[in-house]
Amino acid sequence: MTTVSMTVNGKAVTAEVEDRTLLVDFIREHLRLTGTHVGCDTSQCGACVVHVDGKAMKSCTMLAAQADGAAVTTIEGVANGDLHPMQKAFNDNHGLQCGFCTPGMVMSGIDMVNRYKAEGKTLDEAAIRHELEGNICRCTGYHNIVKSISQAAGEM
Ligand code: FES
Ligand code: FES
């Protein structure tokens with residue numbers, strides 16, 4: 001067993017977990033924040049993306065212990081009263097159907113917009129499609145997801 005402490009969506013949390021506990025399981029099973037999904041468990045689908053110290057991470061690929069001391073944000077933490085511009089853009093552009101992939105898409109979308117802005121680069125459609133290679137959606141055909149991220153990039 002190991003003790004992990006981190007902030008999750010701005011709240012300090014400490015827990016005793018098995019050494020092998022994945023961050024995604026810590027988030028879902030210990031904290032009951034079930035908006036972060038598990039779609040594959042093999043690091044391919046991106047349904048589990050959260051932000052760790054401001055960067056998008058597949059939370060099925062890291063141990064909870066590796067996030068010790070970190071600031072973690074999950075989909076439950078991105079809205080601030082109103083929907084986050086990325087969430088609103090997905091709503092406006094019908095960027096989801098079943099919604100299973102959506103938390104990961106939104107978290108990856110926010111991360112890519114922030115990164116491109118910080119580097120002064122243009123996040124055009126080709127860049128969005130390239131950046132989304134780690135996120136799989138089985139419903140939408142991606143077109144509306146790309147439109148959503150493009151709209152949010154103009155508003156964030
Ligand atoms: S559950 Fe993490 S990438 Fe699929
Ligand atoms: S909206 Fe169903 S998997 Fe993407």
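# Exercises on a predicted model: sheet pairing and helix packing

β3 and β4 run antiparallel and are joined by four bridges. The structure is a predicted model, and the exercises below start from this strand pair.

## Exercise 1. The β3–β4 hairpin

Task: Determine how many residues lie between β3 and β4, and which residue in the turn has a positive phi.

Solution. Step 1: the two strands form a hairpin, and two residues separate them. Step 2: the residue in the turn with a positive phi is Asp53, at about 50°. Step 3: the register can be read from individual partners. His51 has Ala56 of β4 as its bridge partner, and Val49 stands opposite Lys58 in β4.

## Exercise 2. The other side of β3

Task: Identify the residue of β5 that stands opposite His51, and state how many bridges join β3 to β5.

Solution. Step 1: β3 and β5 run antiparallel, joined by two bridges. Step 2: the residue of β5 opposite His51 is Thr73. Step 3: His51 therefore has a counterpart in each of two strands, Ala56 in β4 and Thr73 in β5.

Step 4 concerns the side chains of β3. Val49 and His51 point one way, whereas Val50 and Val52 point the other way, and all are buried.

## Exercise 3. Order and edges of the sheet

Task: Give the strand order of the open sheet, and establish which strands stand at the edges.

Solution. Step 1: the five strands are arranged in the order β2-β1-β5-β3-β4, with mixed pairing. Step 2: β2 (11–17) and β4 (55–58) each have a single partner strand, so each has one side without a neighbour in the sheet; these are the edge strands. Step 3: ignoring direction, neighbouring strands are turned against each other by 40° on average.

Step 4 examines the β2 edge. Seven bridges pair β1 (residues 2–8) with β2 in the antiparallel sense, and one of the partnerships is that of Val4 with Ala15 of β2. Lys11 also belongs to β2; its relative accessible area is 61%, so Lys11 is exposed, the cut-off being over 50%. The C-alpha atoms of Lys11 and Thr73 are separated by 10.0 Å, although the two residues are 62 residues apart along the chain.

## Exercise 4. Helices lying across the sheet

Task: State which strands α1 lies across and which strands α3 lies across.

Solution. Step 1: α1 (residues 23–30) lies across β1, β2, β3 (49–52) and β5, and runs at about 105° to β2. Step 2: α3 lies across β3, β4 and β5, and runs at about 40° to β3. Step 3: β3 and β5 thus appear in the list for α1 and in the list for α3.

## Exercise 5. Packing of α2 on α3

Task: Classify the arrangement of α2 and α3 from the angle between them, and describe the residues in contact.

Solution. Step 1: α2 (residues 85–92) and α3 (residues 102–118) pack at about 125°, with axes 9 Å apart. Step 2: because oblique covers the angles left over once under 35, 65 to 115 and over 145 degrees are set aside, α2 is oblique to α3. Step 3: the crossing is right-handed. Step 4: α2 contributes Met86, Gln87 and Phe90 to the contact, while α3 contributes Thr102, Met105, Val106, Gly109, Ile110 and Val113. Step 5: by class, these are six nonpolar, three polar and no charged residues.

## Exercise 6. Packing of α2 on α5

Task: Apply the analysis of angle and contact to α2 and α5.

Solution. Step 1: the axes of α2 and α5 (residues 143–155) cross at roughly 140° and come within 8 Å. Step 2: α2 is therefore oblique to α5. Step 3: this crossing is right-handed. Step 4: from α2, Pro85, Met86, Lys88, Ala89, Phe90 and Asp92 meet Ile145, Ser148, Ile149, Gln151, Ala152 and Glu155 of α5. Step 5: the contact comprises seven nonpolar, two polar and three charged residues.

## Exercise 7. Two loop residues

Task: Decide whether His84 is buried or exposed, and which residues Cys139 contacts beyond its neighbours within four places in sequence.

Solution. Step 1: His84 is found in the loop between β5 (71–73) and α2. Step 2: its relative accessible area is 15%, so His84 is buried, the cut-off being under 20%. Step 3: beyond its neighbours within four places in sequence, His84 is in contact with Val78, Ala79, Ile110 and Met156.

Step 4: Cys139 lies in the loop between α4 (125–131) and α5, and is partly exposed at 28% relative accessible area. Step 5: with neighbours within four places left aside, Cys139 contacts Gln97 and Cys98.

Terms used
Residues are numbered from 1 along each chain as its sequence is written. Chains are lettered from A and ligands numbered from 1 in the order in which they are written. This is a predicted model: local features need pLDDT of at least 70, side-chain atom pairs count only at pLDDT 80 or more; totals for chains, interfaces and linings use all residues. Side-chain values use heavy atoms; hydrogens and water are left out. Axes are lines fitted to C-alpha atoms, for helices over the stretch in contact, and angles run from 0 to 180 degrees between N-to-C directions. A crossing is left-handed if the near helix is turned anticlockwise from the far one by less than a right angle, and right-handed if clockwise. Contact means heavy atoms within 4.5 Å. Ala, Val, Leu, Ile, Met, Phe, Trp, Tyr, Cys and Pro count as nonpolar, Asp, Glu, Lys and Arg as charged, and the others, Gly among them, as polar. Buried means under 20% relative accessible area, exposed over 50%, partly exposed in between (1.4 Å probe, protein chains only).
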